[in-house]
Amino acid sequence: MTQEFYLRYYVGHQGQFGHEFLEFEFKDNVLRYANNSNYKNDTMIKKQVAVSESLVKELERIVLESEIVKFFG
């Protein structure tokens with residue numbers, strides 16, 4: 001069994017239209033996406049899709065090669 005891979009990317013702000021954010025999360029071979037914007041009374045968008053093991057392995061490789069985890073370790 002391989003080690004569990006978890007990745008979350010979140011960016012957001014509190015502004016003129018309230019709390020707006022964009023989020024991607026990879027966990028258990030599932031990609032979750034959320035986009036919250038109140039611009040023009042928009043509603044939150046949430047999507048979820050199953051991804052292959054090979055995609056997760058490639059994403060993990062990219063993250064490890066980028067060495068970004070050194071900054072948050």
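## A strand pair

L7 has F26 in β2 as its bridge partner. The model is a predicted one. The two strands involved are β1, residues 6-15, and β2, residues 18-27, which pair in the antiparallel sense over 10 bridges. Between β1 and β2 there is a hairpin of 2 residues.

In a regular strand, side chains alternate between the two faces of the sheet.

## Order of elements and overall shape

The chain contains 4 strands and 1 helix. Read from the N terminus, the order is β-β-β-β-α. With 73 residues, the globule rule gives a radius of gyration of 11 Å, but the chain has 15 Å, well over that value, so the chain is more spread out than a compact globule. Along its principal axes, the C-alpha trace spans about 45 × 30 × 15 Å.

## Burial and contacts

How much of the chain counts as buried? The share is 21% of the 73 residues. The exposed area of the chain is about 6000 Å², and 56% of that comes from carbon and sulfur atoms.

Among contacts with a separation of 6 or more, 15% join residues that are 24 or more positions apart.

## A nonpolar surface patch

Which residues form a nonpolar patch on the surface? They are L64, I68, V69 and F71, and together they have about 430 Å² of accessible area.

V69 lies in the segment after α1, the helix of residues 53-66. The relative accessible area of V69 is 43%. Partly exposed means between 20% and 50%, so V69 is classed as partly exposed.

Notes: Residues numbered from 1 in each chain as written. Predicted model: local features only at pLDDT ≥ 70, side-chain atom pairs only at ≥ 80, totals over all residues. Heavy atoms only, no water. Patch = residues over 30% accessible without salt bridge, like charges linked within 9 Å, V, L, I, M, F, W, Y side chains within 5 Å. Areas by Shrake-Rupley, 256 points an atom, 1.4 Å probe, with all protein chains shown as cover. Salt bridge = Lys/Arg side-chain N within 4 Å of Asp/Glu carboxyl O. Buried < 20%, exposed > 50% of the residue type's maximum accessible area, 1.4 Å probe, protein only. Pairing = 2+ DSSP bridges. Rg over C-alpha atoms; globule rule 2.2 N^0.38 Å. Contact = heavy atoms within 4.5 Å.
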